[in-house]
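Okay, thanks for coming, everyone. I'll put the structure up and then walk you through it, starting from a single residue and working outwards.

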Amino acid sequence: MPYIFGQHECTDVPPEPSNQKSSIQETRDLLDNSITLHWVKAHIGVAGNEATDRAAKSAASKDAIDIHLGIPERSIKRMLKDSLLKQWQQNWEINDVDDKARHTKNIFPEVARTRCISNAYDIQVATNHGLCPFYLRRFNLRNCSCRCGENVEDDVMHYVAKCHLLAHLRKSIKRNSTPLQVLSSPALCEEMRNILRYVYNNESNIFQTD
């Protein structure tokens with residue numbers, strides 16, 4: 001079974017200057033007597049090479065790949081989504097070397113493709129980053145506290161659920177309401193937004209400089 005590789009048989013290839021064998025010589029050593037190697041000029045009048053070249057160009061110009069995987073397309077998409085979701089969850093769990101995102105992880109221990117928080121006030125509850133003394137002190141933006149004097153941290157949920165200065169704005173949110181409960185309920189979420197909006201508009205009446 002001759003194998004076309006070049007114009008001359010592999011035995012005619014001179015040894016390389018170094019003591020190492022060439023890749024052609026190594027290939028030849030692996031073959032038995034039924035296969036020989038020959039050099040041929042590429043794509044110049046050689047029927048086999050020309051046919052291969054035409055087939056490669058034809059395949060490259062197609063809009064779709066001719067391949068059958070044996071399973072429906074929707075199954076492949078589901079497998080890819082499941083794999084990506086699993087990797088995302090693993091990254092979410094192991095990326096815990098510091099306090100970054102710790103607040104958010106406590107609220108959402110599991111990732112979800114359907115969860116998308118875009119409202120500015122919702123993001124404050126989910127991250128505990130916003131216009132509150134806790135955030136302002138943590139990042140050395142301002143040394144202040146809440147005028148109510150109830151909470152030493154004065155974080156976002158303090159204003160959403162606890163501060164008595166904002167009690168007149170609460171109808172359904174309780175002191176023990178959690179961020180997840182607030183974010184999961186459209187009614188509580190809207191109430192929370194109204195409270196934080198009030199804090200923004202009346203900051204000077206709620207915060208005091210320490």
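**Starting from Val125**

So, let's begin with Val125, which is found in helix α5. Keep in mind as we go that this is a predicted model. Is Val125 buried or exposed? It's buried, with a relative accessible area of 1%.

And what does Val125 touch, if we skip residues up to four places away in sequence? The list is His103, Ile107, Val156, Met157, Val160, Pro179, Leu183, Met192 and Leu196. There's also a distance worth having in mind: the C-alpha atoms of Val125 and Leu180 are 8.9 Å apart, with the two positions 55 residues apart along the chain.

Now zoom out one step. Val125 belongs to the largest nonpolar core, which has 30 residues. Val125, Tyr159, Val160 and Met192 are the ones with the most contacts inside that core. Which elements feed it with at least two residues each? Those are α5 (120-127), α6 (133-138), β3 (144-146), α7 (156-162), α8 (179-184) and α9 (186-201). The largest share comes from α9, with six residues.

Take Val160 from that group. Leaving out neighbours within four places in sequence, Val160 is in contact with Val125, Arg170, Ile173, Met192, Ile195 and Leu196.

**α5 against α9**

Next, the helix pair. In general, two packed helices are described by the angle between their axes and the distance between the axes. Here the axes of α5 and α9 come within 9 Å, and they cross at roughly 95 degrees. With that angle, α5 is roughly perpendicular to α9.

Who meets whom? From α5 we have Tyr121, Asp122, Gln124 and Val125, and on the α9 side they meet Cys189, Met192, Arg193, Leu196, Arg197 and Tyr200. By class, that contact has six nonpolar residues, one polar and three charged.

Two of those residues, Asp122 and Arg193, form a salt bridge, with the closest N and O atoms 2.6 Å apart. This pair links distant parts of the chain, since Asp122 sits in helix α5 and Arg193 in helix α9, 71 residues apart. Asp122 is buried, at 8% relative accessible area, while Arg193 counts as partly exposed at 21%. And the pair isn't the end of the story: Asp122, Glu190 and Arg193 are linked in a network of salt bridges.

**Other salt bridges**

How many salt bridges does the structure hold? Seven. Let me pick out two others.

One is Glu150 with Arg175, whose side chains meet at 3.7 Å, N to O. Glu150 lies in the loop between β3 and α7 and Arg175 in the loop between α7 and α8, so this pair ties together parts 25 residues apart in sequence. Glu150 counts as partly exposed, at 38% relative accessibility.

The other is Lys57 with Asp53, where the closest N and O atoms are 3.5 Å apart. Why are these two separated by about one helical turn? Because they are four residues apart in helix α2 (residues 47-60). Lys57 is exposed, at 56% relative accessible area, and Asp53 counts as partly exposed at 21%.

**Two backbone spots to look at**

Now for phi. Most residues other than glycine have a negative phi. Asn140 has a positive one, near 55 degrees, and Asp154 also has a positive phi, of about 55 degrees, although it is not a glycine.

Where are they? Asn140 is found in the loop between α6 and β3, and Asp154 in the loop between β3 and α7. Their surroundings read differently: Asn140 counts as exposed, at 71% relative accessibility, and Asp154 counts as buried, at 2%.

**Stepping back**

To finish, the whole chain. The secondary structure comes to 10 helices and four strands. Along the sequence, the pattern goes β-α-β-α-α-α-α-α-β-α-α-α-α-β.

Of the 210 residues in the protein, 27% are buried. And if you take contacts between residues at least 6 apart in sequence, 48% of them join residues at least 24 apart. The salt bridge between Asp122 and Arg193, 71 residues apart, is one link between distant parts of the chain.

That's my tour, so over to you for questions.

Terms used:
Residues are numbered from 1 along each chain as its sequence is written. This is a predicted model: local features need pLDDT of at least 70, side-chain atom pairs count only at pLDDT 80 or more; totals for chains, interfaces and linings use all residues. Side-chain values use heavy atoms; hydrogens and water are left out. A nonpolar core is a set of buried Ala, Val, Leu, Ile, Met, Phe, Trp, Tyr and Cys residues joined through side-chain atoms within 4.5 Å. Buried means under 20% relative accessible area, exposed over 50%, partly exposed in between (1.4 Å probe, protein chains only). Contact means heavy atoms within 4.5 Å. A salt bridge is a side-chain nitrogen of Lys or Arg within 4 Å of a carboxyl oxygen of Asp or Glu. Axes are lines fitted to C-alpha atoms, for helices over the stretch in contact, and angles run from 0 to 180 degrees between N-to-C directions. Angles under 35 degrees count as roughly parallel, over 145 as roughly antiparallel, 65 to 115 as roughly perpendicular and the rest as oblique. Ala, Val, Leu, Ile, Met, Phe, Trp, Tyr, Cys and Pro count as nonpolar, Asp, Glu, Lys and Arg as charged, and the others, Gly among them, as polar.
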